[in-house]
Amino acid sequence: MLQGLRSAIQEVEADTAANVVLVTSSVPKVFCAGADLKERRLMGPSEVRDFVNSLRSTFSSFEALSIPTIAVVEGVAFGGGLELALSCDLRICGKDAKFSLPETGLAIIPGAGGTQRLPRIVGRSRAKELIFTGRRFDAVEAVTMGVVNYCVPAGDAYQKALELAREINQKGPLAVKMAKKAIDQGAEVDLPSALAVEEECYQQVLHTEDRLEGLAAFAEKRKPIYKGK
């Protein structure tokens, strides 16, 4: 799965026509159940370290994509599966979805970004509770805490994600990329530095054909046709 995800990341990076990425599972009722613990028992400490490092770097590469990413969660998202979802910009789940970072129950910690991304999304205190206890939480609690953006009837998460993707796809592609960059980079620094990041990103969209097209379309009362230029 990791190899497939890395390959997909490379394809997306090379595809200039791609504007939004959806991550979904082909297995019913399972988004991603995390590591294979039977396999893990046969691995030595160095093998485990290398595997977890590979997970972490892959999810970070996915998070670093310049275009929006949406996790489509139906069923369970446990351990590394939840960490994969957390590396996406947006998360949509079906109401039967279940979530957990159970690693402390195995005397380890989430090692593919869970200890860092979860508190940035739900706050430190809530993240500590979920990671210290490793408890499972359902879709309703996930949306209440802000872990997911939308909870929809089971089986409808992909359709909802597609609707969101199509809505984003109508916007200026360069503007969406710069908005993502401004939000992500700005969140990691102090406010004055973050505002400088915003200014830099705004400069990137100021001299584009798309900006002029947006103004023209508004004046002419029609939908804009953006070309990402």
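Let me start with one term: a residue is buried when its relative accessible area is under 20%. Keep that cut-off in mind. One more thing before we begin: this is a predicted model.

Take E213. Its relative accessibility is 16%, so E213 counts as buried. Now look at its partner. The side chain of E213 meets the side chain of R222 in a salt bridge, 2.6 Å from N to O. R222 is partly exposed, with a relative accessible area of 34%. So what do we have here? A buried acid paired with a partly exposed arginine.

Salt bridges also link up elsewhere. R126, E129, R135 and E141 are joined into one network by bridges that share partners. Let's zoom in on two members. E129 and R126 form a salt bridge at 3.5 Å, N to O. Where do they sit? Both are in helix 6, three residues apart, which means about one helical turn lies between them. And the surface? E129 is partly exposed at 28% relative accessibility. R126 is partly exposed too, at 37%.

How many salt bridges does the rule count? It comes to eleven. Here is another one. D50 pairs with R49, and the closest N and O atoms are 3.4 Å apart. D50 has a relative accessible area of 45%, so it is partly exposed. R49 is at 49%, which again means partly exposed.

Next, a glycine. Which loop holds G134? The one between helix 6, residues 124-133, and strand 7, residues 137-138. Is G134 buried or exposed? Buried, because its relative accessibility is 13%. Who are its contacts? Leaving out residues up to four places away in sequence, G134 touches S100, L101, P102, T104 and E129. You have met E129 already, in the salt bridge with R126. One more distance for G134. F78 is 56 residues away in sequence, yet the two C-alpha atoms are 9.9 Å apart in space.

Now step back to the whole chain. The domain assignment gives two pieces: domain 1 covers 1-169, and domain 2 covers 172-220. Ten residues of domain 1 and six residues of domain 2 take part in the contact between them. Taken over C-alpha atoms, the domain centres are 27 Å apart.

How do we describe the size of such a contact? The accessible area lost when parts come together is often used for that. Here, domain 1 and domain 2 bury about 600 Å² between them. Carbon and sulfur atoms account for 47% of that area.

What about charge across this interface? Two salt bridges are counted between domain 1 and domain 2. Look at K180 and D89. They form a salt bridge, with the closest N and O atoms 2.8 Å apart. By class, the side of domain 1 that touches domain 2 has four nonpolar, three polar and three charged residues. Polar contacts cross the interface as well. The rule finds four residue pairs, both residues at pLDDT 80 or more.

To wrap up, three pictures to take away. First, E213, buried, and in a salt bridge with R222. Second, G134, buried in its own right, and touching E129 among its contacts. Third, the two domains, with about 600 Å² buried between them and two salt bridges across the boundary.

Definitions and conventions:
Residues are numbered from 1 along each chain as its sequence is written. This is a predicted model: local features need pLDDT of at least 70, side-chain atom pairs count only at pLDDT 80 or more; totals for chains, interfaces and linings use all residues. Side-chain values use heavy atoms; hydrogens and water are left out. Domain bounds come from an automatic or database domain assignment. Contact means heavy atoms within 4.5 Å. Buried area is the accessible area (1.4 Å probe) that two parts lose on being put together, summed over both. A salt bridge is a side-chain nitrogen of Lys or Arg within 4 Å of a carboxyl oxygen of Asp or Glu. A polar contact is a pair of N or O atoms within 3.5 Å; within protein, one must be able to donate a hydrogen and the other to accept it, and residues adjacent in sequence count only if both atoms are side-chain atoms. Ala, Val, Leu, Ile, Met, Phe, Trp, Tyr, Cys and Pro count as nonpolar, Asp, Glu, Lys and Arg as charged, and the others, Gly among them, as polar. Helices (H or I, at least four residues) and strands (E, at least two) are DSSP runs, numbered from the N terminus. Buried means under 20% relative accessible area, exposed over 50%, partly exposed in between (1.4 Å probe, protein chains only).
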